[in-house]
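The report that follows concerns one predicted model and moves from the whole chain to single helices and residues. Please read it with the sequence and the coordinates at hand.

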Amino acid sequence: MKWTFFHKLGSPKWFYDLAERWQFILLGLGLLLLCVGSVWGLFFAPPDYQQGDSFRIIYIHVPTAILAQSCYMMMAAAGLVGLVWKMKISDMFIAAAAPLGAGFTFLALFTGAVWGKPTWGTWWVWDARLTSMLLLLFLYFGVIALRSSVTQVEMRAKASAILVLVGVVNIPIIKYSVEWWNTLHQPATFTLTEKPAMPVEMWLPLLIMVIGIYCLFTGLVFVRVQNEILQREQKTKWVQALVERGGKSR
Amino acid sequence: MKGAVSLDERGGIVSAFDMGTHGLYVWLSYGVSALVLFFLVLEPFKVRKKMIKDIHAKRIRMEQRQENLNNAP
């Protein structure tokens, strides 16, 4: 196997072109799937026998919560690559993903609170799942704050990579919190190995929402990494030429 | 299987939007999520537009400065 792709990935220009080709496909597909999943989940999925219609919040809550954690894992992988191989593009991924992760974590917490009120009778409890998820939000805020306070580029890359890697310990805590501690939060709805305990017309829209939100996220990371590239490589000839064309690759 | 869109005694498709006592919670969740997602999608494109304008302006400035230096007596 040739390792050239690994070197290409480290080249900002190569990635800019790749992102240019894929971003609108991913964003379009993501938005389409989210629309289909929402309409299906809101109007066509049958109401839950215990929770009635409030269970429909699941179609936002679960995808945003899954993504909030995947986004963090992606940042951690980028942080590791950045520390070991000193690839400058890996730091751009951390910069691009942190605000998105914060947004999705906020949505997971918000929809969880709104769902908790009619289901548990309270907006918030300090139990393991909710608290560890709140910690994830603070980790995202921490990365964003750290990045805005350090101006020296290499130092900023190193510091945020270390912060992200230290925070990774929180991810298994979120995942297993519902098993390790007694919590109000129910266990996972989906696992990779078992058949869901829901009827198909309930979980299919959920699956569509999950795929949709991954597509949207990937598209948004591409657009935001492109912005980082433009900002940091603005003195290079190819970015200057690109700017003359209004930001289009060719 | 009877979905949420159905004709019931209250009549019509209107019932689909009325999620009983939980309607407020459901619509609040979807509404806030739609707002946040729209912001997350639109923001990077707005940033891009401004960035391209700024980089372009900076280049023009640099070129003009160079020209002034060259034309200086």
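Of the 250 residues of chain A, 40% count as buried, where a residue is called buried if 20 or more other C-beta atoms lie within 10 Å of its own, exposed if 12 or fewer, and partly exposed in between, with C-beta atoms placed from the backbone. This is a predicted model, in which local features need pLDDT of at least 70 and side-chain atom pairs count only at pLDDT 80 or more, while totals for chains, interfaces and linings use all residues. Residues are numbered from 1 along each chain as its sequence is written, and chains are lettered from A and ligands numbered from 1 in the order in which they are written.

Chain A holds 9 helices and 0 strands, and its elements run α-α-α-α-α-α-α-α-α from the N terminus. The radius of gyration of chain A is 20 Å, close to the 18 Å that the globule rule gives for 250 residues, so chain A is as compact as a globular protein of that length. Helices are DSSP runs of H or I with at least four residues, strands are runs of E with at least two, and both are numbered from the N terminus; the radius of gyration is taken over C-alpha atoms, and the globule rule is 2.2 Å times the number of residues to the power 0.38. The C-alpha trace of chain A spans about 60 × 35 × 35 Å along its principal axes. Among the contacts in chain A with a separation of 6 or more, 79% are accounted for by residues 24 or more positions apart, a contact being two residues whose C-beta atoms, placed from the backbone, lie within 7 Å.

For the complex, the predictor gives an ipTM of 0.87 and a pTM of 0.88. Chain B has a mean pLDDT of 79, and 71% of its residues reach 70 or more. In residues 6-12 of chain B the pLDDT is below 50, and this stretch has 3 contacts in the model beyond near neighbours in sequence; pLDDT is the predictor's confidence in each residue, from 0 to 100.

Between the two chains, the contact takes 28 residues from chain B and 35 residues from chain A. The side of chain B that touches chain A has 19 nonpolar, 6 polar and 3 charged residues, with Ala, Val, Leu, Ile, Met, Phe, Trp, Tyr, Cys and Pro counted as nonpolar, Asp, Glu, Lys and Arg as charged, and the others, Gly among them, as polar. In α1(B), the buried residues include Tyr25(B), Ser29(B), Leu37(B) and Ile52(B), and what covers the buried residues of this helix includes α3, α4, α8 and α9 of chain A.

Three helices can be set against their expected span, which is 1.5 Å times one less than the number of residues.

| Helix | Residues in helix | Expected span | Distance between end C-alpha atoms |
|---|---|---|---|
| α1(B) | 49 residues | 72 Å | 72 Å |
| α3(A) | 28 residues | 40 Å | 40 Å |
| α4(A) | 33 residues | 48 Å | 46 Å |

Helix α1(B) bends by about 25° at Leu42(B), with the proline Pro44(B) following within four residues, and α4(A) has a kink of about 30° at Ala97(A), shortly before the proline Pro99(A). The bend at a residue is the angle between axes fitted to the seven residues ending there and the seven starting there.

Of the 33 residues of α4(A), 25 are buried, so this helix is largely enclosed by the rest of the structure. Asp91(A) is found in α4 and is buried, with 25 other C-beta atoms within 10 Å. Leaving aside neighbours within four places in sequence, Asp91(A) is in contact with Gly82(A) and Ala157(A). Just after α4(A), Gly121(A) takes a positive phi of about 90°. In the loop between α3 and α4 of chain A lies Lys86(A), a residue other than glycine with a positive phi near 55°, and Lys86(A) is partly exposed, with 13 other C-beta atoms within 10 Å.

Leu216(A), in helix α8 of chain A, counts as buried with 26 C-beta neighbours inside 10 Å. Although Leu216(A) and Leu26(A) are 190 residues apart in sequence, their C-alpha atoms are 6.0 Å apart in space. Not counting residues up to four places away in sequence, Leu216(A) touches Leu27(A), Gly30(A), Leu31(A) and Leu34(A).
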